[in-house]
Amino acid sequence: MASRTQYATLGRNILKRAFENHDFKFSQKSLEGVLKKLARPSVDEALAAVGRSELAPEDIIRAIHPEWKDPRQKRRSIDSEDDEGWIDVNAGKGGTFRVPKKDAARKKTVRDGALPIRGYGDELPIRFAPEGGAVPGDKIVGILVPGEGITVYPIHALALAEFENQPERWLDVHWEVDPERPRQFPARIHIHAINEPGSLAQVTGVIAEHEGNIDNIKMGRRSPDFTELTIDLEVWDLKHLNLIISELRMRPNVSQVVRVNG
């Protein structure tokens, strides 16, 4: 369970980014002046409430700047050809999903305001996509989960479709991995292996040989000749994950290996 300090840190980062995106400058002093209006006893409580999604950053902007109008109410259609910065995610999956970005003139500001993702145990309450994880090298997005913090998803994760109509929960995030303090990150792979003695040992042996860490294995019989394996593992980055997948595909007892992109 994340601490109040972690939620407050997350809330402060979210507010700074939200204020910058709407051409305001966030300051603790201005927040202190509207605590009664927000019904919060302290700045830390207000920040933590934002981090827990109990208080929307737009509510704080509106409290400090009553004249402000939320531009989302006037947002153009996302299908506009000149709406630069919207990118397709699930093209070809039966629908189009788009991730909101800012216009070209503001890209640097948005990038500077992105939240750094370093891994578990960070000063921010971080989780990774439950159905597939995320690893350095993936393009990622953060989703604010009420009462939990940020869940980090690869930009191609199918689960992001759930949040298509909740743009206020999307956070700009980026990897910030310290080479002096390497960490492993979660990923999931799905394997079809020939059903014969020693197949599982060969699969786990390849992963161990290449310094992957196995967290969980689920087995299911697809047919008398093949066994399905779903493996949750930890790897250093996308290059490391792709190496393991490539090595597994070279084994004669493995017919298919794919990464799960929940």
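Start with helix 4, whose buried residues (under 20% relative accessible area, 1.4 Å probe, protein chains only) are Val43, Ala46, Leu47, Ala48, Ala49, Val50 and Gly51. This is a predicted model, in which local features need pLDDT of at least 70 and side-chain atom pairs count only at pLDDT 80 or more, while totals for chains, interfaces and linings use all residues. Residues are numbered from 1 along each chain as its sequence is written, and side-chain values use heavy atoms, with hydrogens and water left out.

Helix 4 runs over residues 43–51, and seven of its nine residues are buried, so we can call it mostly covered. Helices here are DSSP runs of H or I with at least four residues, strands are runs of E with at least two, and both are numbered from the N terminus. What covers helix 4? Its buried residues pack against helix 1 (4–21), helix 2 (28–32), helix 3, helix 5 (57–64), strand 5 (140–145) and strand 6 (149–154), where packing rests on contacts, meaning heavy atoms within 4.5 Å. Just past the end of helix 4, Ser53 takes a positive phi of about 70 degrees.

Now step back to helix 3, residues 35–38, where you'll find Leu35. Leu35 has a relative accessible area of 12%, so it counts as buried. Setting aside residues up to four places away in sequence, Leu35 touches Arg40, Pro41, Ser42, Val43 and Ala46; Val43 and Ala46 are among the buried residues of helix 4. There is also Ile60, 25 residues from Leu35 along the chain, with 9.4 Å between the two C-alpha atoms.

Before moving on, a quick look at the whole protein. It has eight helices and 12 strands, and buried residues make up 45% of its 262 residues. Of the contacts with a separation of 6 or more, 64% come from residues 24 or more positions apart.

Next, go to helix 8, residues 238–249. Its 12 residues should span 16 Å at 1.5 Å a residue, and its end C-alpha atoms are indeed 16 Å apart; the expected span is 1.5 Å times one less than the number of residues. The buried residues of helix 8 are His240, Leu241, Ile244, Ile245, Glu247 and Leu248. Looking down the axis of helix 8, these fall within an arc of 165 degrees, so they line one face of the helix; the arc is that of the directions from the helix axis to the C-beta atoms. The face turned away from that buried side carries Lys239 and Arg249, both exposed (over 50% relative accessible area). At the start of helix 8, a side-chain oxygen of Asp237 comes to within 3.3 Å of the backbone nitrogen of Lys239.

What do the buried residues of helix 8 pack against? The partners are strand 9 (185–194), helix 7 (199–209), strand 11 (226–235) and strand 12 (254–259). Helix 7 and helix 8 pack at an angle of about 145 degrees with their axes 10 Å apart, and Val203, Val206 and Ile207 in helix 7 meet Ile244, Glu247 and Leu248 in helix 8. Those axes are lines fitted to C-alpha atoms over the stretch in contact, and angles run from 0 to 180 degrees between N-to-C directions.

Finally, strand 11 holds Asp232, which counts as buried at 17% relative accessibility. Leaving out neighbours within four places in sequence, Asp232 is in contact with Ala187, Arg188, Asn213, Ile214, Asp215 and Asn216. The side chains of Asp232 and Arg188 are joined by a polar contact of 2.5 Å, a term for a pair of N or O atoms within 3.5 Å, where within protein one must be able to donate a hydrogen and the other to accept it, and residues adjacent in sequence count only if both atoms are side-chain atoms.
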